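This report describes one protein together with its bound ligand. Please keep the sequence and the structure in view while reading.

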Amino acid sequence: MKQSKSVLTQESKRKLIAKRDAFFRKVSDQGIALTYDDVRLTTGYSAIMPDNINIESKFSKNVGLKMPIVSAAMDTVTEAEMAIEIAKIGGIGVIHKNFTAEEQVAQVAKVKYHLNGLIEKPICFNENDTIKDILENRKERGFRFHSFLITDSQQRLVGIMTKNDFDFCEDLSLKASQVMSRNVITGNSGVGLREAHRIMQESKKKALPLIDKDGKVAGLYTFSDVKRILSGDSKTFNLDKNGHLRVAAAVGVYDDAFERVEQLISEKIDLVIIDTAHGDSKGVLETLKALKKKYDIDVLVGNISEPESAERLCRAGADGLKIGQGPGSICTTRIIAGIGKPQVSAIYECAKVAAKFGVPVCADGGLKYSGDIPIAIGAGAHSVMMGNMLAGTKESPGEFRFHQGVQYKVYRGMGSLGAMESNKGSRERYNQGKNDLVPEGMEGMVPYKGPLREVIHQYIGGLRRGMGYVGAGNIEELRTIAQFVRITEAGKAESHPHDIIITREAPNYQKQL
Ligand code: XMP
């Protein structure tokens with residue numbers, strides 16, 4: 001990729017850093033802390049084309065990102081499906097800890113083995129489903145592919161519907177059994193990637209279903225996936241040194257951490273996160289030191305919002321920090337406990353300290369629009385963690401809900417009553433026992449947004465545009481040269497569309513609920 005070069009000298013960069021420091025010092029001297037809606041980035045001279053910008057970054061000291069978005073360790077956001085897709089787009093997913101250790105390890109394994117190219121649970125339709133049913137279901141679930149396996153009532157493979165079958169079908173009321181192709185080339189369960197490639201190449205078939213000894217579907221290879229893996233055509237993929245997708249997992253403190261890490265390491269986890277609501281606490285610091293002593297693995301720690309906490313955790317060996325106490329869309333911590341610091345100031349202050357130790361920071365929670373990403377990074381973050389902004393995607397594990405004819409997905413706080421009542425992991429994150437729970441989060445739903453890839457395309461598009469306006473050619477430059485201006489309520493109102501009845505939705509702008 002042709003990369004845009006910065007025109008700034010070291011001296012002008014130093015001046016810009018000093019100017020931003022002065023801005024935040026002035027604000028904090030008044031006892032004020034700012035968040036996303038309080039600020040905007042100022043425009044700088046730019047010779048930069050948004051498409052030539054390098055958005056690679058770091059999640060922790062030794063774990064890189066091809067793009068700086070991380071999916072939150074929440075049970076309505078990140079399980080294997082989300083982690084696989086986000087790693088393919090260049091980010092990383094953090095598998096939540098409301099799973100038992102064994103379940104969490106199984107999720108990590110799914111991500112790590114994904115690039116075997118085998119779709120373990122392919123989408124199947126029944127032979128009696130009509131073509132209309134299938135097409136509607138495909139649209140509803142946001143599938144972009146057209147190959148579906150067709151089974152009988154015993155889940156035995158009887159045929160396949162391909163793009164050609166759909167294209168040439170003129171009567172949508174026909175059943176799949178009347179339209180599907182029946183001469184399906186199959187492999188036995190256990191067929192590997194190269195063998196699958198050979199069979200598909202020889203038979204000129206773009207899909208190879210695997211069947212078990214009873215004729216039931218046991219997996220599916222598709223030619224495009226297999227070819228891409230074998231030809232190494234995976235430019236955006238965030239891969240470990242063995243060519244597997246990167247993935248992270250959340251752990252608790254003390255025994256919980258050790259039980260999980262011991263098993264996660266055997267699945268080659270890329271890093272673990274000691275994920276608590278209060279990262280600057282005895283249990284977290286002791287667990288961090290013990291993990292770093294015993295294992296050769298990156299440990300990221302959170303959450304914090306004060307520079308003193310950042311210093312303590314960096315000194316204790318943290319490889320990354322997660323900033324954010326109460327900014328999240330489902331958080332009530334600030335309201336029920338009265339604590340926390342508005343996010344942009346928290347990021348700036350913590351990142352300033354972490355930089356002295358060479359420790360990357362992740363801005364966790366509170367983002368509402370793509371424009372909040374360059375703001376978070378401009379304040380010093382290396383990456384952003386999103387819950388709400390990813391919870392409505394096809395890949396999130398949240399259930400679908402219909403409300404007044406609109407499709408939503410469930411999204412809940414890890415400290416919500418529902419999450420804490422049913423999960424030890426949630427209770428431990430908020431340091432609570434089994435009874436008399438005091439929730440620190442809410443349960444709700446967010447509009448369904450479709451496939452993650454399309455959603456992230458808009459978020460990254462916004463980041464690139466922001467970097468273009470600032471004049472930053474890469475993430476490190478944005479962290480260095482970004483300048484802020486504080487805005488008023490009138491400035492905020494002016495920033496959003498106003499004095500217009502919106503007649504067409506844009507894919508990157510929705511009024512907040
Ligand atoms: P967003 O704004 O992206 O925030 O929805 C996601 C982040 O919020 C944190 N989180 C919580 N914080 N109570 C809280 O105070 C909760 O119940 C809760 N659940 C998640 C978490 O850091 C997540 O990444």
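In which strand is the place of Asn-303? Asn-303 belongs to strand β14, which covers residues 298-304. The model discussed here is a predicted one.

## Overall form

The protein contains 20 helices and 21 strands. Along the principal axes, its C-alpha atoms occupy a box of roughly 75 × 55 × 45 Å.

A second description of the overall form is the radius of gyration. For a protein of 513 residues, a compact globule would have a value near 24 Å; the value for this protein is 24 Å, and therefore the two agree.

## Two details of the backbone

Asn-303, the residue placed in β14, also takes part in a cis peptide bond. This bond joins Gly-302 to Asn-303, and its omega angle is about -5 degrees.

Another detail concerns Lys-204. This residue is not a glycine, although its phi is positive, at about 55 degrees. Lys-204 is located in the loop that connects α7 (193-203) with β10.

## A sheet of three strands

The strand that follows this loop, β10, is part of an open sheet. The sheet consists of 3 strands in the order β9-β10-β11, and the pairing is mixed. Its edge strands are β9 (187-188) and β11 (217-222), each of which pairs on one side only.

Strand β10 comprises residues 207-211 and is joined to β11 by 5 bridges, with the two strands running antiparallel. One pair of bridge partners is Ile-211 and Val-217, the latter being in β11. In general, the side chains of a regular strand alternate between the two faces of the sheet.

## A hairpin

Strands β2 and β3 form a hairpin, with 2 residues between them. Strand β2 spans residues 57-60 and strand β3 spans residues 63-65; 3 bridges join them, and they run antiparallel. Ser-60 has Val-63 as its bridge partner in β3.

## The surroundings of Thr-130

Thr-130 is found in the loop between β6 (124-126) and α4 (131-140). Its side chain reaches the backbone nitrogen of Asp-133 at 3.0 Å.

Which residues does Thr-130 touch, if those up to four places away in sequence are not counted? They are Leu-172, Ser-173, Leu-174 and Lys-175. Thr-130 can also be related to Gln-178: the two residues are 48 residues apart along the chain, and their C-alpha atoms are separated by 9.2 Å.

## The ligand and its shell

There are 24 residues around the ligand, and those that come nearest are Thr-333, Asp-364, Tyr-411, Gly-415 and Glu-440. By class, the shell has 9 nonpolar, 12 polar and 3 charged residues.

Three of these nearest residues can be described through their polar atoms. In the side chain of Asp-364, an N or O atom is 2.5 Å from an oxygen atom of the ligand. For Tyr-411, an N or O atom of the side chain is likewise 2.5 Å from a ligand oxygen atom. With Glu-440, the atom concerned is a polar backbone atom, which is 2.6 Å from a nitrogen atom of the ligand. On its own, the ligand has 520 Å² of accessible area, and the protein covers 96% of it.

Terms used
Residues are numbered from 1 along each chain as its sequence is written. This is a predicted model: local features need pLDDT of at least 70, side-chain atom pairs count only at pLDDT 80 or more; totals for chains, interfaces and linings use all residues. Side-chain values use heavy atoms; hydrogens and water are left out. Helices (H or I, at least four residues) and strands (E, at least two) are DSSP runs, numbered from the N terminus. Contact means heavy atoms within 4.5 Å. A polar contact is a pair of N or O atoms within 3.5 Å; within protein, one must be able to donate a hydrogen and the other to accept it, and residues adjacent in sequence count only if both atoms are side-chain atoms. A residue is near a molecule or strand if one of its heavy atoms lies within 4 Å of it. Accessible areas come from the Shrake-Rupley method with a 1.4 Å probe; for residues, only the protein chains shown count as cover. Ala, Val, Leu, Ile, Met, Phe, Trp, Tyr, Cys and Pro count as nonpolar, Asp, Glu, Lys and Arg as charged, and the others, Gly among them, as polar. Two strands pair if DSSP finds at least two bridges between them. The radius of gyration is taken over C-alpha atoms; the globule rule is 2.2 Å times the number of residues to the power 0.38.
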